[in-house]
Amino acid sequence: MTHSVFPRTARALACLALATTTAACASRTVDRDPSASIPADASQNLTSHSTVLDERTRTWTVYRPPAAVSDPSAPALLVIHGTGDTASGIRNGIGPDLEQLADEEGFAVVYVDGHQNNWNECRVEGDWPAKDEDLDDLGLMRQAAESVGSTGPVYAVGFSSGGHMAMRLALEAPDLVDGVAAVAANPPTADNLGCEVQGDPVPIMFVQGRQDPINPIDGGEVRVGSGLTAASRGEVMSAVEGAEWFARYNGILAGGATPTVTREGDAETITWEGPAAVRLVRVDRVGHSFPTLSGRWGRDGGARYDAPGEIWRFFSPAPA
């Protein structure tokens, strides 16, 4: 049965600009600054794919290490870039860390391209073509996951606007994903969230930088760019409030349950345990970035935190 998380607001109210205008705006308001590119993969591990949805060609790239190729039940991880970026762009940033992990753990990595570098995600506010045209990005994620040809679990991780797209998967396509993670993306406030719930809750993990100037860790308005080109994405909850909201929805706050809090180096981790666990990691000295041990993302000198590894361990905990 389908029921609303919050009263659904018509997406059209948030899409007042023409598609050409929003595309130009998106090009000026990039969620990340691409880091140095990685060499093109000449092996057979990297394949390109496409489909036609909404009369548009949609694309994605799959990295499959040998262990994932030989295992018909290998997991697949959908990787969702931020506004203004591309599948190859986010691969340039975190691909070396993520693909090394995939080699070790035996899962496929699926880098998905947004329409004109953006997504039809949950937030009501924000003008960009994918939302303006109400594109079937859920259908795109399903086809991208199916292209791996595995019967194993499917997970998703998104950065910034891609994190909001990952939250949409958790709320509107829980039959597709077995867990999601959002990096540099707090859940929207009630009046800025247009998603609905269509099934059981799924585990979710948040990784937030304490010095993020775009996605405010204490909540408030998300603004991308500056001056006349600045664009509002509406209000978001604080990182803690958003994680607590998901913990409440996932049914793990009943009976006064309290989360566990741990600290290791620059990272503070808060976990609400349960069948659909919720985890929030707040990392010191990190801005609007995807922290890794290599520090490749933006080369901003932030904390070295193994977000890819910790997210994967949250998805696939070691057997007891």
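The following legends describe close-up views of salt bridges in a predicted model.

**View 1. The salt bridge between Arg 123 and Glu 121.** A search of the whole structure finds 14 salt bridges, and one of them joins Arg 123 to Glu 121. The closest N and O atoms of this pair are 2.6 Å apart. Both Arg 123 and Glu 121 are buried.

**View 2. The salt bridge between Asp 284 and Arg 263.** The side chains of these two residues meet with an N to O distance of 2.1 Å. Distant parts of the chain are linked by this pair, whose members lie 21 residues apart. Asp 284 belongs to the loop between β14 (278–283) and α8 (307–315), while Arg 263 belongs to strand β12 (residues 260–264). Asp 284 counts as buried because its relative accessibility is 17%, which is under the 20% limit. Arg 263 has a relative accessibility of 47% and therefore counts as partly exposed.

**View 3. The salt bridge between Arg 285 and Asp 266.** Here the closest N and O atoms are 2.8 Å apart. This pair also connects distant parts of the chain, with the two positions 19 residues apart in numbering. Arg 285 is found in the loop between β14 and α8, and Asp 266 in the loop between β12 and β13 (267–272). With a relative accessibility of 47%, Arg 285 counts as partly exposed. Asp 266 counts as partly exposed at 25%.

**View 4. A network of salt bridges with shared partners.** Arg 210, Arg 263, Glu 268, Arg 282 and Asp 284 are joined into one network by salt bridges that share partners. Two of these residues, Asp 284 and Arg 263, form the pair in View 2.

Conventions
Residues are numbered from 1 along each chain as its sequence is written. This is a predicted model: local features need pLDDT of at least 70, side-chain atom pairs count only at pLDDT 80 or more; totals for chains, interfaces and linings use all residues. Side-chain values use heavy atoms; hydrogens and water are left out. A salt bridge is a side-chain nitrogen of Lys or Arg within 4 Å of a carboxyl oxygen of Asp or Glu. Buried means under 20% relative accessible area, exposed over 50%, partly exposed in between (1.4 Å probe, protein chains only). Helices (H or I, at least four residues) and strands (E, at least two) are DSSP runs, numbered from the N terminus.
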